[in-house]
Amino acid sequence: MNERLWGILVDAFPKLLSYGVRVTVPLTILSFALALVISVIVAMIQYANVRILREICRFYIWIVRGTPLLVQLYLVFYGLPSLGVTLDAFPTAVLVFGFNEGAYMAESVRGALESVSRGQMEAGQCVGLSYLQIMAHIVLPQAFRTAFPALSNSLISMLKGTSLAATITVTEMFREATVINGRVYESLGLYTEVALIYLAFCTVLTWLQHIGEKKLASYGGDRA
């Protein structure tokens, strides 16, 4: 590695890491939080099997899973202004990433809900609990333990997917790398560096996932 490239990478690293911590990570957390709320609501509606609401949820999942995330970003950020609806880049990214990932996570949560014995729902009704109380105190805690690995994978995937926010002018880690590369023309070195930072972030999340799975397995064993 020549001295010029080394100097560029050393100078770029704190800038890239700063944008990763200040923009990429918050974007991921906010988007995932929104996706989690959406997925639980959609999954619970399907689990309750209310026909009209269930079909609306299935339509939402069909639309989101059948269209590219990049197209969804462009439709909201560049398309909605023609209808008089203008959003800043960062909120747009949060909304689109949240609604996109929420459709995928909803299927994971729904599958986890259906893995819980229906007899527990009936037992809750026998002791006078409402549907929401049964879901909150009995069904959802067990379902989340089952869905935890899939939801963790969704979080890791979302972290990597936030690089697409650069296409709608969100200055996150990948866009900053592109800006720097536009000045120094060292594509291989800079994009390798940003890839390694993404890898480091994902490694931390994977480590946390393993810890969480062990905790939940231990909890499940104690319950047994």
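Select Leu 113 first. In this predicted model, Leu 113 touches Ala 43, Met 44 and Tyr 47. Show Met 135, Val 139, Leu 140 and Ala 143 as well: Leu 113 touches these too. That list leaves out residues up to four places away in sequence.

**The largest core**

Now widen the selection. Leu 113 belongs to the largest nonpolar core, which has 20 residues. Leu 113, Met 135 and Val 139 touch the most other members. Colour three helices next: α1 (3-48), α4 and α6 (131-161). Each supplies at least two residues of this core. Which helix gives the most to this core? It is α6, with 8 residues. Apart from this core lies another, of 17 residues. To find it, pick Ala 12, Leu 16, Ile 180 and Phe 201, which are among its members. In soluble globular proteins, nonpolar side chains tend to be buried together.

**A nonpolar patch on the surface**

Turn to the outside. Select Leu 83, Val 85, Leu 87, Leu 95 and Phe 99. These residues form a nonpolar patch on the surface. Together they have about 430 Å² of accessible area. Zoom in on Phe 99, which sits in helix α4 (residues 89-115). Is Phe 99 buried or partly exposed? Its relative accessible area is 40%, so Phe 99 counts as partly exposed. Helix α4 thus appears twice on this tour: it supplies at least two residues of the largest core, and it holds Phe 99 of the patch.

**Asn 181 and its contacts**

Go to helix α7 (residues 173-184) and select Asn 181. Asn 181 counts as buried, because its relative accessibility is 10% and the cut-off is under 20%. Show its side chain. A polar atom there lies 2.9 Å from the backbone nitrogen of Glu 186. Which residues does Asn 181 touch, not counting those up to four places away in sequence? They are Glu 186, Ser 187, Leu 190 and Tyr 191.

**Ser 187**

From that list, pick Ser 187. Ser 187 lies in helix α8 (residues 187-223). Asn 181 is buried, whereas Ser 187 is partly exposed, with a relative accessible area of 37%. Beyond four places in sequence, Ser 187 touches Asn 181 and Thr 192.

Last stop: add Ile 8 and draw a C-alpha to C-alpha distance to Ser 187. How far apart are Ser 187 and Ile 8 in sequence and in space? They are 179 residues apart in sequence and 11 Å apart in space.

Terms used: Residues numbered from 1 in each chain as written. Predicted model: local features only at pLDDT ≥ 70, side-chain atom pairs only at ≥ 80, totals over all residues. Heavy atoms only, no water. Patch = residues over 30% accessible without salt bridge, like charges linked within 9 Å, V, L, I, M, F, W, Y side chains within 5 Å. Areas by Shrake-Rupley, 256 points an atom, 1.4 Å probe, with all protein chains shown as cover. Salt bridge = Lys/Arg side-chain N within 4 Å of Asp/Glu carboxyl O. Helix = DSSP H or I, 4+ residues; strand = E, 2+ residues; numbered from the N terminus. Buried < 20%, exposed > 50% of the residue type's maximum accessible area, 1.4 Å probe, protein only. Polar contact = N/O pair within 3.5 Å; in protein donor to acceptor, adjacent residues only side chain to side chain. Contact = heavy atoms within 4.5 Å. Core = buried A, V, L, I, M, F, W, Y, C linked by side-chain atoms within 4.5 Å.
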